[in-house]
Each structure stands twice: as C-alpha cells, then as structure tokens.
Amino acid sequence: MKPIKRMEIVIGTVHADRVIEALRSVGVTGYTVINGVSGSGDRGTRRIDGVSGAFENCMVISACDESLVDPAVKKIKPILKRFGGLCLVSDAQWIMH
C-alpha cells in the first residue's frame with residue numbers, strides 16, 4: 001500500500017468541470033465523480049430534484065500525492081467560495097494493483 005491524500009469535493013454539478021480543471025492544472029489527473037449527492041450546509045438543503053439537475057450536487061473524489069494537495073486547495077478554494085460546497089482532505093492508503 002502507498003500512503004496518499006484523499007480529496008472529497010462536494011459542489012454543484014454544473015460547477016464540477018471547474019473543480020476537475022483545477023485538479024488537472026496542478027497535476028491531479030485521476031478522479032471519480034458521483035452525481036446526485038444531496039445534503040445540507042451553510043447555503044441550505046440540496047436535494048436531488050430529478051427534473052433538470054440544475055440544483056443537484058456531485059462529489060469529486062481524488063487520490064493524490066501529498067505534495068499536490070496545497071496547490072490543489074489553492075485552486076479549489078476560490079471556486080468553493082464563489083459557488084459553495086466543501087472540500088475534505090484526509091489520509092488514505094492506496095492499494096496498488
């Protein structure tokens with residue numbers, strides 16, 4: 001196993017491409033997007049409306065080397081400040097295959 005950092009970013013689905021581009025710009029190339037994420041935060045409750053998807057959230061999950069976390073956070077923070085959402089960073093273990 002390899003120690004890595006796990007980044008979980010919850011953001012409006014319409015803004016996910018901004019987050020993905022921010023990750024890529026600092027060298028984080030792998031990610032997974034989970035659509036249809038609901039929850040509640042400082043900007044209210046986000047539910048899956050199922051009609052247009054315009055107000056739905058998604059979660060972008062990425063695993064990266066620790067050296068890429070600070071540059072990624074610097075790119076993602078302004079996006080979250082403008083559009084809302086959250087970013088969690090935690091330690092993880094990558095099972096190499």
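**Entry 1: the sheet**

I looked up V37 and found that V37 stands opposite N57 in β5. The model is predicted, so I kept its limits in view: local features need pLDDT of at least 70, side-chain atom pairs count only at pLDDT 80 or more, and totals for chains, interfaces and linings use all residues. Residues are numbered from 1 along each chain as its sequence is written, and side-chain values use heavy atoms, with hydrogens and water left out.

I took strands and helices as DSSP runs, numbered from the N terminus (strands are E, at least two residues; helices are H or I, at least four). Two strands count as paired if DSSP finds at least two bridges between them.

Next I followed β5 to its partners. Strand β2 (residues 32-37) runs antiparallel to β5, and five bridges join them. β1 also pairs with β5 in the antiparallel sense, over eight bridges. I checked two residues opposite β5. E8 stands opposite I61, and R6 has A63 as its bridge partner.

Then I wrote down the whole sheet. Four strands form an open sheet with antiparallel pairing, in the order β2-β5-β1-β6. β2 and β6 (86-94) stand at the edges with a single partner strand each, so one side of each has no neighbour in the sheet. Neighbouring strands of this sheet are turned by 20 degrees against each other on average, direction ignored. For such angles, axes are lines fitted to C-alpha atoms (for helices over the stretch in contact), and angles run from 0 to 180 degrees between N-to-C directions.

**Entry 2: cover over β5**

How many residues of strand β5 are buried? I found seven of its eight residues buried, with the strand spanning residues 57-64. Buried means under 20% relative accessible area, exposed means over 50%, and partly exposed lies in between (1.4 Å probe, protein chains only).

**Entry 3: cysteines**

I searched for disulfides, meaning pairs of cysteine sulfur atoms within 2.5 Å. The structure holds zero. C58 is in no disulfide, and its nearest cysteine sulfur, that of C87, is 13 Å away. C58 counts as buried because its relative accessibility is 0%.

Why is the sulfur of C87 without a bond to that of C64? The sulfur in C64 is the closest cysteine sulfur to that of C87, but at 9.5 Å it is too far for a bond. C87 has a relative accessible area of 26%, so I logged C87 as partly exposed.

**Entry 4: largest pocket**

I moved on to empty space. Rolling a probe the size of a water molecule over the atoms shows where such space is left. The search uses a 1 Å grid over the protein atoms alone. A pocket is an open set of points where a 1.4 Å probe fits, with protein on both sides within 12 Å along at least five of seven lines. Lining residues have an atom within 4 Å of a point. Points are joined across faces, edges and corners, and the volume is the space filled by probe spheres set on them.

The largest pocket holds about 290 Å³ of space. I counted 17 lining residues, and V10, G41, R46, N57 and G85 lie nearest the centre. β1 (2-12), β3 (39-41) and β4 (44-46) each supply at least two residues of the lining.

I sorted the lining by class: five nonpolar, nine polar and three charged residues. Nonpolar here covers Ala, Val, Leu, Ile, Met, Phe, Trp, Tyr, Cys and Pro; charged covers Asp, Glu, Lys and Arg; the others, Gly among them, are polar.

**Entry 5: residue pairs across the chain**

I started with helix α2 (residues 69-83), where I76 lies. I76 is buried, with a relative accessible area of 1%. I76 and I20 are 56 residues apart in sequence, yet 9.2 Å apart in space, C-alpha to C-alpha.

In helix α1 I picked R18. R18 is partly exposed at 41% relative accessibility. Its C-alpha lies 7.4 Å from that of I79, 61 residues apart in sequence.

D17 is also in helix α1 (residues 16-25). D17 is exposed at 60%. The C-alpha atoms of D17 and L68 are separated by 19 Å, with their positions 51 residues apart along the chain.

Last came M1, in the segment before β1. M1 is exposed, with a relative accessible area of 71%. M1 and A92 are 91 residues apart along the chain, and their C-alpha atoms are separated by 9.7 Å.
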